[in-house]
Amino acid sequence: MTKYVGAIDQGTTSSRFIVFDKSGNIVTVAQKEHRQIYPKPGWVEHDPLEILHNTNEVIGAALARADLSASDLVAVGITNQRETTLLWDKATGQPLHNALVWQDTRVDGYVGEFARNGGQDRFRATTGLPLASYFSGLKLRWLLENVEGARAKAEAGEALFGTIDSWLAWNLTGGVKGGAHITDVTNASRTQLMSLATCDWDEAMLREYGIPRACLPRILPSSRIYGEIQTPALRGAKLAGILGDQQAALVGQACFAPGEAKNTYGTGCFMLLNTGSEPVQSKAGLLTTLAYQFDGEAPRYALEGAIAITGALVQWLRDNLKLFDVAPQIEPLARSVEDNGDVYIVPAFSGLYAPYWRENARGVIAGLTRFATRAHFARAALEATAYQTRDVVEAMETDSGIKLSSLKTDGGMVANELLMQFQADILDVPVIRPKVTETTALGAAYAAGLALEYWRNTEDLRANWQIDKEWTPALPAEKRIRYYKSWKKAVQRSFDWVE
């Protein structure tokens, strides 16, 4: 009887369940979007119960489409939007507040407060992360200080903190009836509460941020058997893999050797470079993060360049400016002009992330003349993703001393061939798209399958990886230099907008 591995891929805009075979091919998939809630400018929330409901729905739908049941699955893995923060009641399973999404900037005041006493990098040596509104620790602090009764419950262990992986794992493994309150090293490393050296909660960080240890999940490796799933559609299946989405894509792209890198193009854009078994502290504005840890092995580390807004800029042009009806229409629109008409869009909607880390930046559109059309806007939006990626690549090369020879890509935006060509042009290196572009879900499946020896080792996973298409640079050097210089000028214009 053929067996498969399932992956829950809980992202910023939707939840999916994908089943993979031993070759890493997709057997069945179902997907459902959830609401984006914007209570105030800069605030972004999700309803955790809606996410849980949608997750259960897509699991059932995907299995039904392929006439599969839980007994056909060797294991199930979870990959999730990282940093998105929630607190729920242990006795009732009810969230105490909507989840605060990774893009949410309501903790900017805390960031300024902590930075005044020691600077933006005061916690980097311990956590690998700069002070920023991005990470979970300060979001949890906000919930504890602003939700009535939350701190008392958290201190008593009656309220549980988690990123989305913890919320799903707890509910899948029993919820109020003894669900496992866990997270993995990759998600824990994004809270700014975990020590990179020990892969455990850091007591000094907990004191600094005022976080009670009683509400925190147990930190475990990314690949191991965590327990048996209790929910109806997956009852009896083993939950055996957890990876934050970008680390999952690194695993899905089989980047297991130091120096191997991937870039995921989704709501935001995230580039990870495997640095091996030692963390590399960034001096160029990158994050030091856990790459993955397989059961019984030492943790592996990565440098990460995190860009907040890439695919979300396409959504903004579609939903807010109504420039087109569906996202794929941006490519033919952008192709209808030969260049960007000197229009540059810097999508600093929630500040700028790597390598700038400017909380007070805001989005700008620069270079406007009467010549500019919606087609130039479309092209500028796609190019903004490629320019931001080059910013990150240059920082990575500075930190690691490794010159990028090619870039492995994945995520929803890699279907856009104009973007992929311009990415190769502006980086001046080949850009490679794999046959299976759903590498985030695939990475979670790999982690789960390794725990049950469905795949024996990382060489089995490497053997699955195949090229779908490669783009080589075709832009004259003079244009590459001129375009990038104009981009850097536009970025400068976005700084210090918020007083």
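**Core, cavities and one covered helix**

1. In this predicted model, the largest nonpolar core has 76 residues. Those with the most contacts inside the core are Tyr134, Tyr265, Met271, Ile330, Trp357, Tyr387 and Trp487. Helix α12 (residues 374-400) supplies the largest share of this core, 13 residues. In soluble globular proteins, nonpolar side chains tend to be buried together.

2. Take Met271, one of the core residues with the most contacts. Beyond its neighbours within four places in sequence, Met271 touches Ala261, Lys262 and Asn263, among others. Its contacts also include Leu303, Glu304 and Gly305. Val392, Val393, Met396, Leu404 and Leu407 are on the list too.

3. The cavities come next. There are 3 of 30 Å³ or more. The largest holds about 60 Å³ of space. Its lining is Ala306, Ile307, Leu352, Tyr353, Ala354, Tyr356, Gln388, Asp391 and Trp487. Strand β16 (300-307) and helix α12 each give two or more residues to this lining. By class, 7 lining residues are nonpolar, 1 is polar and 1 is charged. Trp487 is also among the core residues with the most contacts.

4. The second largest cavity has a volume of about 40 Å³. Arg379, Leu382, Glu383, Leu418, Leu419 and Phe422 line this cavity. Here the elements giving two or more residues are α12 and α13 (417-427). The lining has 4 nonpolar residues, no polar ones and 2 charged.

5. Helix α14 (residues 439-451) is mostly covered: 12 of its 13 residues are buried. Thr439, Tyr446 and Leu450 are among them. The helix reaches 18 Å from first C-alpha to last, close to the 18 Å expected. Glu453 follows α14, with a positive phi near 60°.

Methods
Residues numbered from 1 in each chain as written. Predicted model: local features only at pLDDT ≥ 70, side-chain atom pairs only at ≥ 80, totals over all residues. Heavy atoms only, no water. Helix = DSSP H or I, 4+ residues; strand = E, 2+ residues; numbered from the N terminus. Expected span 1.5 Å × (residues − 1). Buried < 20%, exposed > 50% of the residue type's maximum accessible area, 1.4 Å probe, protein only. Core = buried A, V, L, I, M, F, W, Y, C linked by side-chain atoms within 4.5 Å. Contact = heavy atoms within 4.5 Å. 1 Å grid on protein atoms, 1.4 Å probe; cavity = no way out; pocket = protein on both sides within 12 Å on 5 of 7 lines; lining within 4 Å. Points joined across faces, edges and corners; volume = space filled by probe spheres on them. Nonpolar A, V, L, I, M, F, W, Y, C, P; charged D, E, K, R; others polar.
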